[in-house]
Every structure is written in C-alpha cells, then in structure tokens.
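Let's take a walk through this protein, starting with a pocket and moving on to a sheet and the helices beside it. Keep the 3D view open and rotate as you read.

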Amino acid sequence: MRKNYENHSSKKKALLIALAVIVVLILGAVGAVYGVTHGFYRSSNYTSDEDAMKDFTNVGEDTTAEDEVNPEDATGEVLSDEEQQELDAKLAEFADSEPVTNDGNVYNVLLVGVDRRDKSWAGNSDSMILMSLNYEKKQISMISLMRDTYVNIPGIGMRKLNAAHANGAGPLLLETVTQNYKVQVDRYVSVDFNSMIDIIDKLGGVELTLSDDEVRVANNYITEMCNLRKLDPNSYYFIKGGTKTCSGIQAVAYARIRYVGNADYQRTERQRTVLTKMMEKIKDMSLPELYSFAEDVLPLVTHNIPEDEMWSLLAKSPSLLQYKLVKDRIPYDNMYKVIYVKKQDMLVPDWEQTIAKLKETLY
C-alpha cells in the first residue's frame with residue numbers, strides 16, 4: 001500500500017468541480033415565477049446525451065499518453081502480462097456479479113472538472129465528485145473519484161477513469177462510473193477550469209487558509225493561468241501563508257496543488273474545501289444577489305439535467321439546505337493498491353470492500 005502515491009505526469013493538472021453551480025441550479029429560482037426559472041434554465045448549456053459528442057473530433061483517441069511514467073520512476077507494482085490478465089479477469093468477474101443500485105430516494109449527479117484549453121475536444125475529467133442527495137437520510141454526500149483509478153471504460157477497455165470523458169464526454173463518463181462503482185448515475189454538471197475561475201469571481205472569492213508550502217506551489221499555477229489569460233500574475237500571487245479571501249485564479253490554483261502533503265489525495269480534499277466555501281457563500285445570498293449570480297453563471301455550465309427534474313429539485317431545495325454533509329474519496333484508505341500498467345501508475349481499489357462502503361454511505 002502506498003499512502004503517498006504520486007503520479008509522475010509531466011503536466012500537473014487538476015480542476016475544481018462546479019458544486020456551486022449545481023447548488024445554483026437547485027436554488028436559483030426559489031420564490032420566483034416560472035418564466036424567470038425557465039429563462040435561467042434555457043441560459044444554461046443543456047446538452048442531450050445524443051448531442052454530447054457531435055462537436056468533438058478525437059473520439060476514441062488515447063488521451064493519456066502524457067501520463068506515461070518510465071519504469072524506473074514508477075511507484076506502483078510492475079505487472080507481467082499474465083498478472084495483468086489475471087487482474088483484469090478478477091475485476092470483470094466482480095463487475096458481473098455485483099448489481100448496480102438504483103434507489104428512488106437517492107439522486108446522484110456527477111460534478112465534473114474538465115481539463116482542456118479549447119473546445120476542439122471533450123477533455124480529460126481530471127476532477128470528479130459524486131454528489132448524492134439522500135432524501136430519506138437527509139444527507140448530501142460528496143465523494144471524490146480519483147482520476148488515476150483503474151477502471152473498465154465501456155467500448156474502450158481498461159484505462160484511467162479520467163480518460164472516459166475524453167472518449168465520450170459526459171454520457172460515457174456516467175456509464176463508466178455506473179458500471180464500475182455500481183451506483184446508478186444519470187446526470188452530470190461540468191465546467192472547465194477557466195469557467196471555474198469566473199464562477200468564483202462572481203461569488204466575490206472564497207476564504208481559504210494556505211501553508212507556506214502551499215503558497216509556493218499555488219504561485220506556480222497562478223503564473224500559468226495568468227499567462228493563458230494574458231494577465232499580470234503579480235496582482236494575484238500569494239505573499240505568505242495564512243487565511244485570506246481568494247480570487248477565482250487563486251482559489252483554482254489552491255485546488256490544483258498536488259505535490260504538497262499527501263499528493264493527489266490531499267488535492268481532492270482541497271477541492272472539497274473550496275466547494276464547501278462556495279456553498280456557504282451561496283446560502284447567504286439574498287434573492288436579488290442569487291438572481292444576478294445565476295444569470296451570470298449558468299451560461300458557463302454544461303449539464304444533462306432535464307427541466308422537469310430541475311423543478312423537482314427546486315421543490316426540495318428548502319430542506320436540502322438543512323441536510324448533513326458527508327465528504328470522502330475513493331479509493332478509500334487501506335482499500336487499494338498501486339500498479340504500473342500501460343506505462344502508467346494506476347490505483348486499483350479493493351472493489352468488493354469499496355462498493356460495500358460506498359453503498360452504505362449513500363444508501
């Protein structure tokens with residue numbers, strides 16, 4: 001077991017998920033007339049599953065080559081061809097025997113942060129959080145699904161989880177999560193990191209606490225993002241560790257920190273921290289503030305939630321604000337191993353224990 005697993009990708013990338021956006025979708029029109037709500041919905045980028053991949057040109061291409069690791073740098077167990085075949089057969093056997101759980105009292109939506117610099121391809125889903133609303137338990141669960149998890153992508157084969165979105169956008173990612181994690185997930189909300197920067201800025205920033213080590217790494221990401229946006233990074237750099245209200249660029253830089261603390265595991269914790277801070281700010285908004293925020297933010301969001309489902313969520317919104325919040329990530333501690341396969345380090349959960357714990361948490 002490697003608690004301090006690190007992926008030696010040459011490109012340190014990660015994204016913050018748009019939980020704030022899904023909350024806006026849930027809360028955006030409480031107390032407003034139908035026409036206003038309908039207008040909000042139409043301004044968002046609803047995309048049917050049939051249309052999700054029409055504008056992309058690289059469907060089916062292997063998009064994970066940039067994550068390749070030299071054998072001498074690998075942190076995972078090196079598998080022979082025979083061992084890999086045995087592992088794949090074992091995973092397939094479990095997948096065939098474990099049923100997918102679908103409970104009408106639980107609503108699952110996948111929040112997706114997409115890494116891409118342009119709209120020519122779907123992009124790798126480098127941040128994924130399964131948000132589950134359990135109406136009976138009065139609980140909202142936020143479970144980070146780590147990007148380097150070794151999964152079976154339908155029609156593609158065994159790959160990293162983050163490759164599913166690149167090969168089939170939201171619909172294929174949902175199918176992959178459903179079939180591997182054995183919980184029915186039909187809906188997603190996604191943004192890329194540029195949109196996430198704008199969403200946080202529309203909130204007026206979020207308050208975060210950084211260590212000096214986190215400041216050093218975050219400033220590197222700030223330089224990169226400011227260069228892409230043709231901004232002067234000197235206006236955004238952190239000076240020292242401590243607590244401060246962070247702009248969109250600063251908050252996304254914080255959420256992208258990977259090599260401080262417990263590698264990718266702690267990065268997912270930072271992402272959930274930022275999401276929680278965003279939720280707190282949205283809950284404190286007045287109706288006019290919420291109206292203005294939703295009007296600005298919804299065009300930045302891509303999703304496949306039909307309007308009738310949105311109305312159902314709206315009806316439940318007052319009680320949702322009172323639900324208990326549970327946060328975790330998969331792989332769980334002490335329930336996985338790291339392997340070196342397909343020239344990459346990947347995470348292999350103990351699926352039997354993992355699925356049992358996940359279903360217990362959600363259902």
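Start with the second largest pocket of this predicted model, which holds about 310 Å³ of space. Several elements chip in to build its wall: α3 (81-97), β13 (336-341), β14 (344-349) and α11 (351-362) each give two or more residues to the lining. The largest share comes from α3, with 6 residues.

In total, 14 residues line this pocket, and if you head for its centre, the ones lying nearest are Lys90, Leu91, Pro349, Asp350 and Trp351. What about the chemistry of that lining? It splits into 8 nonpolar and 6 charged residues, with no polar ones.

Now swing over to the sheet. It's an open one made of 7 strands, and if you read across it the order goes β1-β11-β8-β3-β4-β5-β12, with mixed pairing. At the edges sit β1 (45-46) and β12 (324-330), each of which pairs on one side only.

Zoom in on β4 (residues 124-134) and β5 (residues 139-145): these two run antiparallel and are joined by 6 bridges. To pick out one of the partnerships, find Leu130 and look across to β5, where its bridge partner is Ile143.

Two helices to look for here are α4 and α11. Helix α4 (residues 163-181) packs on the sheet and touches β3 (106-115), β4, β5, β8 (187-192) and β12, with its direction at about 145° to that of β3. You've already met α11 in the pocket lining; α11 packs on the sheet too, touching β3, β4, β5 and β12, and its direction makes about 150° with that of β5.

Note on methods:
Residues are numbered from 1 along each chain as its sequence is written. This is a predicted model: local features need pLDDT of at least 70, side-chain atom pairs count only at pLDDT 80 or more; totals for chains, interfaces and linings use all residues. Side-chain values use heavy atoms; hydrogens and water are left out. On a 1 Å grid over the protein atoms alone, a cavity is a set of points where a 1.4 Å probe fits but cannot get out, and a pocket is an open set with protein on both sides within 12 Å along at least five of seven lines; lining residues have an atom within 4 Å of a point. Grid points are joined across faces, edges and corners, and a volume is the space filled by probe spheres set on the points. Helices (H or I, at least four residues) and strands (E, at least two) are DSSP runs, numbered from the N terminus. Ala, Val, Leu, Ile, Met, Phe, Trp, Tyr, Cys and Pro count as nonpolar, Asp, Glu, Lys and Arg as charged, and the others, Gly among them, as polar. Two strands pair if DSSP finds at least two bridges between them. Contact means heavy atoms within 4.5 Å. Axes are lines fitted to C-alpha atoms, for helices over the stretch in contact, and angles run from 0 to 180 degrees between N-to-C directions.
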